[in-house]
Structure formats: C-alpha cells, structure tokens
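Visitor: Hi, I'd like to walk through this one with you. Can we take it piece by piece?

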Amino acid sequence: MGALEGIRVVDLTHVMAGPTCTMMLADLGADVVKVERIPGGDDSRKPSPFAIGDQQAPFLVMNRNKRGLALDLKREEGRAVLRRLLERADVLVENYRHDTLARLGFGYAQVKETCPRLIYCSISGFGRTGPYAERGGFDLVAQAMSGIMSVTGTRAGDPPVKCGVPLTDITAGLLAAIGILAALQHRGRTGRGQHVDTSLLEAGILHTCWHSAIAFATGSAPGPMGSAHPLAAPYQAFEAADGWLVVGGATEANWRRLCEVLEAPALAEDPRFRTNKDRLAHLAALVEALAPLFRQRPVAAWLARLDAAGVPAGPVLDIRRMHEDPQVRARDMVVALPHATLGTHPALGLPVKLSEAAAGPRRGAPLFGEHSRAVLAEHGYTPAEIEALIASGAVQAPDGA
C-alpha cells in the first residue's frame, strides 16, 4: 500500500506548480483525479517542439499516476459533477487566478460550508492575501521579486540572470504538498479541514536563506558570485582540461587536502588563504591561483584524485548525461511508464524513498479525459447519465474509454 492510500485528491491545477504538488501526492499513493477544462485541457498540452509521439513531453513529465477527467465548469452540469467529487474528496488543489473558482461557486469559503473536512490547497503567484494577491503567478517574476535573480550570474553589474530551472514553481508545489500532509495530520486529530495557502514568491524567498542572513547581518544586499558560495571558499566550479567540475574545499581539513591533491602545498600556508574567512576576503586571488592548476588534468583524473582524498567534488553534467549517470539510475530517478498510446514513455522518478510503503511512478500521464467515464461511475452516475453529460459537452472522454 502507498502511504496515502485511500486519500482522494481533486486536482484543479495546470502547468507546473500545482501539478508538481499533486504528482507528489499521487506518487505517495493518493488517488488523484486531474480535472482538465474543456476545451483544450492543461496548458502544457499545447503543441510545442517537444513532443513524444502524439503527446507533449511537458505534460507527460508532470502528470504521471493521475487519472484524467475533462470537465466544463462553465456549464451547470459540469459544476454539479465537481460538487459530487468534492463530497467524497479529502483534498482539493488549485492554482487558478485570485477569484476564478469563487466566481464558479468553488472558493474556499463556499466549499467549506458543504465539505468541512476538505483540505483546500491554493498555489498562486503571491498568496491569497496581501496587495499582490490578484496578480498571476509566473516563475520568472517570482525569481525576480524574491531576490534570486539579484544573486544569480557572474558578477555585479551584469544583466540579471534567471536560474535555469523553474525553481519557484517546483518548490511551491513541494511546499503545498508539505502543507497538505500537515493539514491531513491535523484533520486526523480534530476532524476539521482547512485552507493551505502558498505561493511562488514565498517559495523563492525560502531559497534566499544564506543571502538573507548576510543582509540581516550587514544591512547590505549581496550580489552574484557565479558558481561561488557567499560563506565558503573554495566552493565553486573550475575548468579542467576537458570540461568542468565543482569542488568543495571550504573546511580547513578539505582545503588542506585539496592543496595536496593539486600538489600546491604553499597555497595552504599562504596567509591570504589560511582560513575560510581569509579565502573569502581574497576570493578573486584564490580563484586566480587555483584555475591554472585545474586546467592541467581532465575531469575524470581530478575526480579520482579528489575522491581518494575525501574532498567533495563532482562533474558538471548536462541533462542527458545526468539521465545516464549510474547513481541516478541506481536510485530509479529515470523510469519508463506505461501509456495508453505511447506504449511507454520516460519520466523522472520519485526523489523520496519509503522503506515501509509503496511509493513512486506507476503509470503514465492520462490522455485528455481518459478516465472520465470511470470516475463518474465511481461517483454514482449511471451509464445513461454519463453518456448524456458527454453528449451535452459538460464532460469529454475518448471513444471507448
């Protein structure tokens, strides 16, 4: 059994932050019904250059283990279906704009009246309160306003640089999942549901822990440092003879080991580099001294020597090389999932392993409306009523599904 076996989740999310949350819940065993709007469904289904067979790769990656129901909430018949689903649900997750669901009759205050045990989770750009509550949510904007872009890049004065991955989207989804698990635990003690509210902005702010600590201590905002660390040195990327690697020689023991590996014992005694504080104060000189030494050997040779000496280090991998890395494979972080039209498709694995409960990807992302008939039948609709809903346009299902 999965850890969340028996937990029913109604997923009203789209694109990334919300689907990340519900994907994690599904991986942990919850029954997640992804409700997609008619027409079109989730925006990540829109045609792009990144298709696998007849399906869009972004949708496949974010929506495994879920069942698909296509519903038109602008029709009363569609809203009636959603109300019936919520009567039996434990969790609703949504990432619509500020009052979209309230206008349809599904805001938290409205749903709470009829479903007091429901955990209602909202993921938005800025949260459901405050002066920015009505603004839409975009990772780019959240990275900018959380301070992340001010400390990302090579050096002060360069154009702002966004983190290459959708950092605030993914983190907001994980925070939402944590909040939902806490709310379920609280409901187990009290019998009451509640509203879980998180945002991309707050997810971004969470990542500024070290940089905020510096600002609290100094009264000044830190700037970008490339791959270097604001509190430890050397702790960054270096170019080798055939590529790049990262090295963490920040502790005094590791710094001395690194100097031995580099065959540069004089650096360990240089007064500019004797302590971590000294090395941070003379970081430019430190990098200037280390860079030509690293260029003398290829990455693999350095990694073998550094590993033998116990100095933290690793290669800088592109995404394809990461997918093939033996540790990634050993931890099932790249898997093949069964799919209705593709046979199988590749996906990322679950980054949390449980020793006493089943967890992880089991099936691929649903086709648009793939499970509409099955979900409606589970909620008491007769075959005739289901076909009538499909004929009316309130529900969509593939032929034969």
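Guide: Sure. One definition to begin with: helices here are DSSP runs of H or I with at least four residues, numbered from the N terminus. Also, bear in mind that this is a predicted model.

Visitor: Okay, then what does G393 do just after α18?

Guide: G393 takes a positive phi of about 90° there.

Visitor: And which residues of α18 are buried?

Guide: In α18, which spans residues 383-392, those are I386, L389 and I390. They sit on the same side of the helix, because they cover an arc of only 100° around its axis.

Visitor: What do they pack against?

Guide: The buried residues of α18 pack against α3 (76-88), α17 (372-378) and β14 (395-396).

Visitor: Which exposed residues are on the face turned away?

Guide: That face of α18 carries A384 and A391.

Visitor: Switching to strands. How many residues of β7 are buried?

Guide: 6 of the 6, so β7 is largely enclosed by the rest of the structure. Both of its faces are covered: I119, C121 and I123 are buried on one side, and Y120, S122 and S124 on the other.

Visitor: Which strands are joined to β7? Start with β6.

Guide: β6 (residues 91-94) runs parallel to β7, with 4 bridges between them. V93 stands opposite C121 in that pairing. There's also β8 (residues 195-199), parallel to β7 and joined to it by 5 bridges. Here S124 stands opposite S199.

Visitor: Y120 was in that list. What kind of aromatic pair does Y120 form with Y108?

Guide: An edge-to-face one, with 5.5 Å centre to centre and 65° between the planes. Y108 lies in helix α5 (residues 108-114) and Y120 in strand β7 (residues 119-124), so the pair ties together parts that are 12 residues apart in sequence. As for burial, Y120 has 2% relative accessibility.

Visitor: How many aromatic pairs does the structure hold?

Guide: It holds 5. Among the ring contacts, F238, F294 and W302 are linked into a cluster.

Visitor: What about F126 and Y132, how are their rings arranged?

Guide: Their centres are 5.5 Å apart and the planes are at 75°, so that pair is edge-to-face. F126 is buried, at 11% relative accessible area, while Y132 is partly exposed at 35%.

Visitor: Which residue lies over the face of F126?

Guide: R135 does, at 5.8 Å from the ring centre. Elsewhere, the charged end of R45 sits over the ring of F59, 3.7 Å from its centre.

Note on methods:
Residues numbered from 1 in each chain as written. Predicted model: local features only at pLDDT ≥ 70, side-chain atom pairs only at ≥ 80, totals over all residues. Heavy atoms only, no water. Phe/Tyr/Trp six-rings, centres within 6.5 Å; stacked < 30°, edge-to-face > 60°. Helix = DSSP H or I, 4+ residues; strand = E, 2+ residues; numbered from the N terminus. Buried < 20%, exposed > 50% of the residue type's maximum accessible area, 1.4 Å probe, protein only. Lys NZ or Arg CZ within 6 Å of the ring centre and 35° of its normal. Arc of directions from axis to C-beta. Contact = heavy atoms within 4.5 Å. Pairing = 2+ DSSP bridges.
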